[in-house]
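Trainee: I have a new model open and want to learn how to read it. Can we go through it feature by feature?

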Amino acid sequence: MSTIPDRPRDPRTISALTDTSEEQWSAAASADLYGIREWGADYFHVNDDGLVTVRVPFGDKSASVPLMSIVQGMKERGLEMPVVLRIENLLDHRITQLNEAFAKAIAGAGYRNEYRGVFPIKVNQQFHVIEEIASFGARYHHGLEAGSKAELIIALSQLEDPESLIVCNGYKDAEFIELGLYAVQMGIRCFFVAETPAEIPIIIERSKAMGIRPLIGVRMKLSAKVDGYWAADSGDQSIFGLTPSQLISVIDQLKAADMLDCLQLLHAHIGSQIPNIRNIRVGVLEACRYYVSLVEEGAPMGYLDLGGGLAVDYDGTRSNSTHSMNYRLDEYCVDIVEAVIETLDSADVPHPVIVTESGRATVAYSSVLLFNVLDVRKPEPANLPAQPPEDAHELIVNLATVMSSITPSNLQESFNDALYYRDEVYELFRHGQMNLRHRALADKYCRAVLYKIAQLLPQARRVSPELEALPELLSDVYYGNFSVFQSLPDIWAIDQLFPIMPIERLKEKPTRQAILADLTCDCDGKIDRFAHPNGELTRLPLHAVNRGEEYHLAVFLVGAYQETLGDLHNLFGDTNVVSVRIEEDGHFEFVREFQGDRIADVLTYVEYNPQDMLEKFRKSAERAVRRGKISPAARKEMLQAFTDSLRGYTYFER
Ligand SMILES: *Cc1c(COP(=O)(O)O)cnc(C)c1O
């Protein structure tokens with residue numbers, strides 16, 4: 001019991017656990033309960049029918065579609081859960097908002113240059129996402145940021161608009177640089193951003209050898225620190241970027257090679273998901289000081305790249321907590337533009353093109369992970385006998401007595417007694433003095449006692465920490481058809497919070513409190529922390545589900561970082577992916593469908609050859625036929641089942 005971590009007591013979840021009355025409930029009450037108005041950014045709502053809808057703005061109007069209608073459409077097309085749903089319109093809308101918010105801030109402040117966004121490919125490399133950003137973004141000359149050769153190849157093949165920028169970060173070898181130089185020769189504005197002084201000699205050597213003048217940027221390490229999850233990696237602790245003395249070395253190398261005119265961009269990225277606008281402002285001011293210094297050193301400059309960091313309000317608290325942000329997009333843009341004007345005007349330096357590399361804020365909203373619930377484990381023991389059986393051990397009789405005498409005033413005593421008798425039972429079982437059936441019955445009584453205590457906790461006057469942790473320990477477990485490791489790796493890796501809720505039955509009151517378990521048999525394959533505007537929840541209110549009944553949940557705001565960071569734990573592969581485009585009249589079209597990994601696919605990732613596996617299985621089956629263990633007809637069926645499985649989805653199929 002002492003291993004239960006102390007967590008703040010959440011009065012809401014505790015009272016909801018005990019409150020099973022079917023009082024008045026409404027779709028609006030569900031919207032409140034799950035905080036969708038706070039984190040949904042007006043893209044997600046609960047409608048009067050109790051369904052979660054996605055709302056797409058069209059100028060002053062908008063169209064809303066229930067996610068369940070999309071799920072229905074998928075089922076009709078044979079696309080099974082889990083599915084990553086991409087809503088293309090939301091991606092377009094985010095790009096529009098980002099560019100228009102900067103345009104407005106620039107016009108409002110009288111800034112004498114423009115904004116050019118670039119999307120960092122690493123945040124979501126999937127072809128359909130990049131293709132949409134490149135084609136829709138062309139109207140704003142929205143470009144791409146590449147951190148590797150593979151990403152540069154994506155950028156070169158996908159960008160159509162020559163006005164868009166390509167910004168190359170990361171370590172660059174000669175091959176990377178040659179590729180970028182060819183792009184420059186073709187008229188593409190492809191910048192090499194030096195992360196270390198060691199890259200400069202290669203850039204100089206390759207460009208001289210090829211006779212192409214490169215476009216060079218420098219990435220500075222800022223001393224400005226940021227709040228939030230990445231705090232430890234910011235400021236002087238950052239492993240990226242040049243120190244001031246390294247910057248001087250870069251300038252000197254370029255001067256010596258007569259290439260200082262190629263240095264046109266300053267890059268600073270102070271971190272991802274920056275919840276506090278003050279940090280951003282301080283970072284921009286520091287970056288501007290380096291920009292001014294580079295102009296003073298004689299570099300032509302012209303581009304100020306402020307990196308990513310624009311946050312997403314995952315929990316809807318609008319605060320400077322790790323999973324939130326205490327500013328709005330227009331405030332972010334105005335603050336940046338004003339900070340640049342302030343520093344550069346006082347140094348009499350012309351205004352540069354402002355570049356940002358917003359990844360998370362561009363793509364998070366457009367993807368939703370949809371999954372169904374496969375099974376539910378409830379804490380309260382079913383069919384407890386009214387009396388212990390005649391032959392029950394004395395310890396079981398004692399547990400039954402504890403059970404029948406619990407009152408709000410003896411909770412601690414009942415708890416202590418129950419655990420004492422339970423441990424005695426374990427002892428007897430270990431020594432072969434109690435059989436399996438009696439041990440199981442003792443467990444049942446013990447759980448019944450704990451559950452009853454949890455129910456009576458709100459009526460108790462004083463509650464010890466061990467009792468306080470009980471309701472959480474006694475949560476329902478809803479088994480979902482998904483893998484945390486494949487689809488939500490940041491939950492496992494960095495304790496990221498995402499908003500999660502049912503997408504149907506929201507006119508009904510959710511009467512259960514649950515944690516979610518995934519399909520992996522890993523004890524980390526669970527979700528027991530949920531983003532909520534009133535503070536993080538340790539259990540999620542859900543509806544009771546009868547066996548065989550379908551129940552769908554969604555994890556929202558998963559468009560950034562989740563898909564490619566996911567791994568093949570237990571060999572659960574990529575999920576099915578569906579892109580929809582919603583029309584003004586509320587109709588929607590499945591514009592793209594991408595079948596997730598089949599079992600044969602994931603086996604090849606770990607170096608198996610499915611053809612060989614089938615052959616080996618065929619041989620075993622043939623031997624079994626020879627030995628008379630199975631008939632040739634049974635052999636045929638077994639081989640068919642084996643082949644069908646190889647072609648099957650890695651997730652649970654109904
Ligand atoms: C990861 C990264 C980004 C994206 O940051 P977001 O916070 O997702 O906007 C931008 N620039 C660089 C250099 C990065 O490494």
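Trainee: How many Å separate the centres of domain 1 and domain 3, taken over C-alpha atoms?

Mentor: Keep in mind that this is a predicted model. The centres of domain 1 and domain 3 are 58 Å apart, taken over C-alpha atoms. Domain 1 runs over 111–352 and domain 3 over 610–646. Domain 2 covers 394–471.

Trainee: What does the C-alpha trace of the protein span along its principal axes?

Mentor: About 100 × 75 × 55 Å. The protein has 654 residues, and 55% of them count as buried. Its secondary structure comprises 24 helices and 21 strands.

Trainee: Give me one pair to calibrate distances. How many Å separate the C-alpha atoms of Asp-423 and Arg-318?

Mentor: They are separated by 47 Å. Along the chain, the two residues are 105 residues apart. Asp-423 sits in helix α15, residues 411–430. Its relative accessible area is 38%, so Asp-423 is partly exposed.

Trainee: Now the surface. Which residues gather in a patch of positive charge?

Mentor: For a patch, a residue needs over 30% relative accessible area and no salt bridge. Like charges are then joined within 9 Å. Here Lys-616, Lys-619, Arg-623, Arg-626, Arg-627 and Lys-629 form the positive patch. Take Lys-619 as the example. It belongs to helix α23, residues 610–626. Lys-619 has 45% relative accessibility, so it counts as partly exposed.

Trainee: And which residues gather in a patch of negative charge?

Mentor: Glu-583, Glu-584, Asp-585 and Glu-589 do. Of these, Glu-589 is found in strand β21, residues 588–594. Glu-589 is partly exposed because its relative accessible area is 41%.

Trainee: Which residues make the nonpolar surface patch?

Mentor: For nonpolar side chains, the joining cut-off is 5 Å. In this model, Tyr-605, Val-606 and Tyr-608 make a nonpolar patch of about 300 Å². Tyr-605 is in helix α22, which covers residues 599–605. At 44% relative accessibility, Tyr-605 is partly exposed.

Trainee: On to the backbone. Which residues does a cis peptide bond join?

Mentor: Read omega for this. The bond between Met-81 and Pro-82 is cis, with omega about -5°. Pro-82 lies in a loop, between α4 (67–76) and β4 (83–87).

Trainee: What about phi? What is the value at Asp-42?

Mentor: Check the sign, then the residue type. Phi of Asp-42 is positive, about 70°, although Asp-42 is not a glycine. Asp-42 is placed in the loop between α3 (36–39) and β1 (44–46).

Trainee: Is Asp-42 buried, exposed or partly exposed?

Mentor: Partly exposed, because its relative accessibility is 40%. Buried would need under 20%, and exposed over 50%.

Trainee: Let me try Met-301. Where does it lie, and what is its phi?

Mentor: Met-301 lies in the loop between α11 (277–296) and β11 (303–305). Its phi is near 55°, a positive value in a residue other than glycine.

Trainee: Why does Met-301 count as buried?

Mentor: Use the cut-off again: buried means under 20% relative accessible area. Met-301 has 5%, so it is buried. Set the two loop residues side by side: Asp-42 is partly exposed, whereas Met-301 is buried. Both have positive phi, about 70° for Asp-42 and near 55° for Met-301.

Notes. Residues are numbered from 1 along each chain as its sequence is written. This is a predicted model: local features need pLDDT of at least 70, side-chain atom pairs count only at pLDDT 80 or more; totals for chains, interfaces and linings use all residues. Side-chain values use heavy atoms; hydrogens and water are left out. Accessible areas come from the Shrake-Rupley method with a 1.4 Å probe; for residues, only the protein chains shown count as cover. A salt bridge is a side-chain nitrogen of Lys or Arg within 4 Å of a carboxyl oxygen of Asp or Glu. Lys and Arg count as positive and Asp and Glu as negative; His and the chain ends are not counted. The place of a charge is taken as NZ of Lys, CZ of Arg, CG of Asp or CD of Glu. Helices (H or I, at least four residues) and strands (E, at least two) are DSSP runs, numbered from the N terminus. Buried means under 20% relative accessible area, exposed over 50%, partly exposed in between (1.4 Å probe, protein chains only). Domain bounds come from an automatic or database domain assignment.
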